[in-house]
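Biologist: I am new to this structure and would like a close look at one part of it, a sheet and the helices that pack around it. Could you take me through that part slowly, with each term explained as it comes up?

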Amino acid sequence: MATVKRTQLMPGVFLTSVNTKKFKSSLLSMTLLAPLKGETAAVNALIPYLLRRGSEAHPDLQSLSAALDQLYGGAIDPVVRKKGEAQCVGFLGSFLDDAYTLDGSGVLAQAAGLMGELLLRPYTQAGAFCPDYTRQEKANLLDRIRAEVNEKRQYAVNRVLEEMCREEPYGVGRLGREADVEAITPQSAWAQYQALLAHSRLELYYCGSAEHDEVCIILQRALTGLPREGGYEVPETVVVPSAQAPRRVEEAMDVAQGKLTMGFRTGGITAASPDYPALVLCNALFGGTTTSKLFLNVREKLSLCYYASSSLLRYKGLMIVSSGVEFSNVKKAEDEIEAQLEACRRGDFEPWEVEGARRYTVSSLMTMLDSQGRQEDWWISQAVAGLTQSPQELAQAMETVSVEAAVAAAKAISLDTVYFLKGMEG
Amino acid sequence: MEEKKYSRIGERMFHTVLPNGLHIYVSPKPDFQKSYAFFATNYGGMDMRFQLDGKWLDTPAGVAHFLEHKTFDTEDGNALQDLAANGASPNAFTSTALTGYYFESTEKFEENLKILLSFVSIPYYTQESVDKEQGIIGQEIRMGDDEPDTQVFYGMLEGLYAHNPVKENIAGTVESIAQITADTLNLCHKAFYDPGNMVLCVAGDVDPERVAAIAQEILPKEGHAPVARDYGPTETEKAAQSLWEKEMAVSTPIFQLGFKDTPPEQGEAWLRWELLGDLACEALLGTSSPLYARLYNEGLVNEAFSYGCEAYPGAAFLCAGGESRDPEAVRDAVLAEAERIGRDGVDEGLFQRLKRAAYGSMVRGLNSFENICVSQSTAHFNGYSYLTFPEVFETISKEDVEGCIRRVVTKEKTALAVIRPKGGAV
């Protein structure tokens, strides 16, 4: 079994490492945590993409690609994530494990060095980010924000979150707002970058065959010169326990299929609550699996849609139902979704439903140990929330959580906002 | 079972063939929590015309996919629920030339394997359930109608091919699936869901001999040889139309470029064609190529750019696509670069780096059980072993790559598909 270790390497810099020989690759990530705010979201989202354009030693894309190709096609990707009300920006790297190189050369130390170089020593002009790179990456970020509308399923989820949390930081999009992108200059981005480096919590994560102590040494070397000037607090997430009277938002677009998303508050239950396993079981019973009430009734029994499912945003205390339906069926689908939640509140479950939901949840937590990417996301998220529970520990809790507790969780859930993306009139 | 070792990449593969003609492959993965089983038939969206019991039959577009949905139905209910009740995550997909059913689970592997083999091999299609499924699949098709990436890819195929059914929408159309009856499904099940036309691939901490014994116990004792199919007259070397266009509610033009090649022979030649095609893409327009750096700097492509190659019976092509404000300019730049490489060749240093990078990426890909099983199943249907890729890869020279680019990336073999923003913008 793999071992998970956590060490503070420098002030406000923490490494979580998982030592295992079962993968062919190693995964390494460096993540800066910033509070999610309208004013800074866009520039924070831009920074990893700007850094990824070039460093002092590798000033352009081609020289960077050449360096990565030399490391057996390693990948270093800019990442921008939203975890609760923290915006997490940095790099996610995947590299061939040292055991599989053709000439026996070690990849990890060089890969970490390259990632540290990208984070700490960017290519600059006149003491700030290169104006050309800034202009191009601003254009790319604008494209990325505007392109969110292209994937209607995700777009409808983003929109319901934006609407229901319009008075909370959580309503700010992961990539920030278009107008704020326009206003960024090479100098303003540089100033924010310096502030992030000096004052943000930096979370490091490694999974692969190298021992924890060795990884500590490699990363300490890779991050030499990181300015540390105080601060480092992990941004806090405010949880609103329950909804007022539900709001409805409709939008029209030239689409073939309607998208219905419903945002619920979980009664204040989050990943940090003792009731969290009950909420997980409740979500699985309601709409989290192919044995769930939503799948079996909205899709299979009434043939209203191809997909209807629910998912949790576990650090913010939200549950989202997402479904694609014919425009004329939206009322029917919405009524049925509410009726199924009501059935959960009544505890209307057959034993096989409970067993199916429980087994599914345990299994999906345990298979996380087989995926470097999913494990990384878990541990970074836990670090943001200040939690230390492992996937195995939550799986154990899922084995014993009672149906009554899941019913109580269902009763705590309240509908906040309904969003419907419909077609154009006529 | 016969065991083959691939020591350089740290893999083993067991193989056997049952008296009914079913080939079984098992990849032992002792350190993992989960096991994964993939049961596939050599039958996909393009197999619409075939010979059964001496007669040629024509079936509507979308049958293979429809069959995939309905195959989960059993006399006692639904296998999806049976597997999910055991905590397994079951699913299935239909691609152009293959339909695969799979599950991953952390417990009760043998029981789950029996369920999988049993529901896929025993047809149970009623007219009532077929009628009901029209609604669900109708919604799936509508969802695809709103997905620009799906639409643009089919647009490119429409551009490349005059009649090869590779270009048919795998899910069919609302009109074509309306013609499907329970009889159609029974007929196609008889033709294609025969052990002689199928493969079982398993990865996980399992006993290979037990896998073979269970397959022997559950599946029919006899099988027949794969049926003959007809993909229409041989395609010409040229693209059927050079430009395909459509308007949708998107933020920026989305494009896909296709370059038509002569399909490879079955066997190792097929694997070699795929490896060569990937390397040719990398050298011509991959993220390490001089062309990509130029296009990226000019803002003509962004990180959404991706590329690859695909081969099917009677159809093979290289392709590249993404978002661009000027897709025609990207096409022209790619053709000009291909001409330059045809004349001056690929830089030797770049070629060596690309090979190293491609090797590393393929080995990293072996982390995924799904990748191993799907790749080996596809390989089996095309007459080679997937894990031989390092040896075949080594035989590919710089001249081979240059020859491929010279042969395939020419104006008359090129089709460009573009989705433009409706009314100029969203």
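**A sheet and its helices in chain B**

Modeller: In chain B, α3(B) passes α8(B) in a right-handed crossing (the near helix is turned clockwise from the far one by less than a right angle; anticlockwise would be left-handed). All of this describes a predicted model, in which local features need pLDDT of at least 70 and side-chain atom pairs count only at pLDDT 80 or more, while totals for chains, interfaces and linings use all residues. Residues are numbered from 1 along each chain as its sequence is written, and chains are lettered from A and ligands numbered from 1 in the order in which they are written.

Helix α3 covers residues 109–121 of chain B, and its axis lies 10 Å from that of α8(B), at an angle of about 40 degrees (axes are lines fitted to C-alpha atoms, for helices over the stretch in contact, and angles run from 0 to 180 degrees between N-to-C directions). That makes α3(B) oblique to α8(B), the word for angles that are not under 35 degrees (roughly parallel), over 145 (roughly antiparallel) or 65 to 115 (roughly perpendicular). From α3(B), the contact takes B:E110, B:L113, B:K114, B:L117 and B:S118, and from α8(B) it takes B:R210, B:V211, B:I214, B:A215 and B:I218 (contact means C-beta atoms, placed from the backbone, within 7 Å). By class, these residues are 6 nonpolar, 1 polar and 3 charged (Ala, Val, Leu, Ile, Met, Phe, Trp, Tyr, Cys and Pro are nonpolar, Asp, Glu, Lys and Arg charged, and the others, Gly among them, polar).

The sheet itself is open and mixed, its 7 strands following the order β1-β2-β3-β11-β4-β10-β9 in chain B (strands pair if DSSP finds at least two bridges between them; helices, H or I of at least four residues, and strands, E of at least two, are DSSP runs numbered from the N terminus). Because β1 (2–6) and β9 (89–94) of chain B are the edge strands, each with a single partner, one side of each has no neighbour in the sheet. On average, neighbouring strands are turned by 15 degrees against each other, direction ignored. At one edge, β1(B) runs antiparallel to β2 (residues 11–17) of chain B and is joined to it by 5 bridges, and B:Y6 has B:E11 in β2(B) as its bridge partner.

Helix α8 (residues 208–218) of chain B packs on this sheet, where it touches β2, β3 (23–28) and β11 (198–204) of chain B and makes about 150 degrees with the direction of β3(B). Helix α13 (residues 369–381) of chain B lies across β3, β4 (35–41), β10 (99–105) and β11 of chain B, at about 155 degrees to β11(B).

Terms used
Contact = placed C-beta atoms within 7 Å.
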